[in-house]
Structure formats: C-alpha cells, structure tokens
Amino acid sequence: MDTARHTGKIVIVTGAASGIGRASAIRFAAEGGSVFGFDINESGLQETQKLIAASGGKCEIIYGDVTIQADVDRLVAAVGSRIDVLANIAGIMDNFRTLGEVDDATWDRVLDVNLTGVMRLSRAALPVMIAQGGGAMVTVASKASLGAGASGIAYTASKHAVIGLVKSTAYFYGTQGIRSNAVLPGPVDTNIGTTSAPHSEWAMQRAHLSMATLTKSAEPDQIASVISWLACDEASNMNGSVVSADGGWATA
Ligand code: NAD
C-alpha cells in the first residue's frame, strides 16, 4: 500500500457499504484520499465510515441509489467542485437465471444498477472532471464481461455492456484528460450472492463446469488494490483498459 498515492484527491466510491466497495473506500482513505462513499445500504455505509475513522482516514457517506438520477445528482452536488476519482463498484447479481428463466423485473433491475447506474454517475461526474482538466474513472466489471459461465443472462449482458461504456468514455474523453478503465474480478468473498430469491439450480451446476478452472476466491482488498492503482497517477497511460483480476481464471 502506498499511503501517499491519493493524497489530496477527492474520491467517490459506490457500493461502499460492503465487499469490494468497502475495501476500496478503506484503501483510498488509507492512501490519503478524501472518500465519499455512496450506497443504498445505510447501516453498511456507517460501518465503513467507522472503520475508516478508526484508522484516521476521511470518509463522508451519502445514502442513495445509483439508478435514481436525483440521488446521483445529490451525490455529485455534495462532493463539490472537484472529483479526482470515480470508482463505480455498486452491483448486483441475477440469481443465475438463463434466457428461459429471466423475468422482466430481474432483467431491468440488473441492467439498471450494473449498466445504467454507471452511466448516470459517470455522466454526472464528467463535467466536473473536464473542468478541472481530467480525472480517473474505474468501473468494476467481471469475468462475466468476457464469457457466460459466471452468472445468468442479465448479469452477463450488463457486464459485457459496461465494457463498451468504459471504452467509449476512454475514446471520446481521453483527449480531455479523462481516463476510464475496467477491472474484471473472478469470484470474491463478498455479500453479492446472498439473496433469498430462487436461483436457477441447473444453470449454477453448468456454471460449475467453467468454475472448475478457478484457483480460489479473492479477498475484496485484492481487487481494491487494482482499482486504486488504475486510479492513481502511476497509471497515467492506462485508458480504455480491461484488466482481469481473477487469479488467472480468464486464461482458461
Ligand atoms: P456486495 O454485495 O458485497 O457489495 C455491493 C454493494 O453495492 C452493496 O453494498 C450494495 O448495497 C450496493 N448496491 C447495490 N445496488 C445499489 C444501488 N442501486 N445503488 C447504490 N448501491 C448499490 O458485492 P461485491 O462483490 O463487493 O460487488 C461489487 C462489484 O464487484 C459489483 O459490481 C459486482 O458485480 C462486482 N463483482 C463481484 C464479484 C464477486 O465475486 N463478488 C465478481 C466479479 C465482479
């Protein structure tokens, strides 16, 4: 960890109440950043803030939903006239429902959070970054951005599509100092799978075939470290990159 890497930087982290988002908020704060954590989970956000405060870091929390434009606008207004880093981490799974099983509500919600939510917040942060001469966006995609054996259809589609969003942003705004990159984790020990909604058992069994080539699940900080690096000045020539952080799973 480089404790000076983000000194003086203003950093937005979505999904900061849990898992990779919490680990990233903790890491950005430990590396000198002033963190604004955003999430729909209020108690989880408060816990993240406590953890950061206990080690002397700075973290403000804003409760909201990435799919609601008014919440996104409230976040950007609360952060103010500078945003150095936007870490788009909030995301949800789809209970492994395949084409024959997916319902409209699951499809719409997964696409709304994992794709449209990223677009809404990135679009809102963009003018602030352009006005200050640049900024770094890091979006958490997935091994499901590259193939189909890691989730159901809605999640796979959302994570494929978000790569297009990341690349389009890099292509059109790189000349204005905006860097936009994606991190693609494999399995990570977080709360993402903990839903009571029914899962597609046969799809999960089939997915286990591709999971046989896995090494092991990662800890959230193993992904946070990659996010932090892509956001820092040392990664100044990284733009439009799609970086796997999955212990080699994508090579199978
Ligand atoms: P997690 O469930 O532990 O954390 C996700 C956070 O996002 C939660 O705190 C949740 O409240 C928040 N969130 C969900 N919907 C939101 C919304 N509409 N608005 C604001 N916040 C919202 O899961 P995680 O594994 O840490 O997931 C983080 C990211 O990593 C996601 O984009 C996920 O797709 C991706 N990812 C996770 C894994 C894995 O195995 N855990 C693998 C690949 C990619």
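Asn95 lies in the loop between strand 4 (85-88) and helix 4, and that loop is a good place to start exploring this predicted model.

**Exercise 1. Two residues in a loop**

Task: Find what is unusual about the backbone of Asn95 and of Phe96, then decide whether each is buried or exposed.

Solution:
- Step 1: Place the residues. Like Asn95, which sits in the loop between strand 4 and helix 4, Phe96 belongs to the loop between strand 4 and helix 4.
- Step 2: Recall the usual backbone. Most residues other than glycine have a negative phi.
- Step 3: Check the angles. Asn95 is not a glycine, yet its phi is positive, at about 60°. Phe96, also not a glycine, has a positive phi of about 60°.
- Step 4: Apply the cut-off, where buried means under 20% relative accessible area. Asn95 has 9% relative accessibility, so Asn95 is buried. Phe96 has a relative accessible area of 8%, so Phe96 is buried too.

**Exercise 2. The largest pocket**

Task: Describe the largest pocket by its volume, the residues closest to its centre and the elements of its lining.

Solution:
- Step 1: Start with the volume, which is about 1100 Å³.
- Step 2: Go to the centre. The lining has 46 residues, and those closest to the centre are Gly91, Met93, Thr190, Ile192 and Gly193.
- Step 3: Look for the elements. Two or more lining residues come from each of helix 1 (19-30), strand 2 (34-39), helix 4 (104-132), helix 5 (153-173) and helix 6 (201-211). Helix 6 contributes the most, with 4 residues.
- Step 4: Sort the lining by class. You should find 23 nonpolar, 17 polar and 6 charged residues.

**Exercise 3. The second largest pocket**

Task: Work out which residues line the second largest pocket, and which element gives the largest share of that lining.

Solution:
- Step 1: Note the volume of the second largest pocket, about 220 Å³.
- Step 2: List the lining: Phe96, Thr98, Ala148, Gly149, Ser151, Gly152, Ile153, Thr156, Trp202, Ala203, Arg206 and Ala207. You have met Phe96 already, as a buried residue with a positive phi.
- Step 3: Assign the elements. Helix 5 and helix 6 are the ones that give two or more residues to this lining, and helix 6 has the largest share, 4 residues.
- Step 4: Finish with the classes. The lining of the second largest pocket holds 6 nonpolar, 5 polar and 1 charged residues.

Terms used: Residues are numbered from 1 along each chain as its sequence is written. This is a predicted model: local features need pLDDT of at least 70, side-chain atom pairs count only at pLDDT 80 or more; totals for chains, interfaces and linings use all residues. Side-chain values use heavy atoms; hydrogens and water are left out. On a 1 Å grid over the protein atoms alone, a cavity is a set of points where a 1.4 Å probe fits but cannot get out, and a pocket is an open set with protein on both sides within 12 Å along at least five of seven lines; lining residues have an atom within 4 Å of a point. Grid points are joined across faces, edges and corners, and a volume is the space filled by probe spheres set on the points. Ala, Val, Leu, Ile, Met, Phe, Trp, Tyr, Cys and Pro count as nonpolar, Asp, Glu, Lys and Arg as charged, and the others, Gly among them, as polar. Buried means under 20% relative accessible area, exposed over 50%, partly exposed in between (1.4 Å probe, protein chains only).
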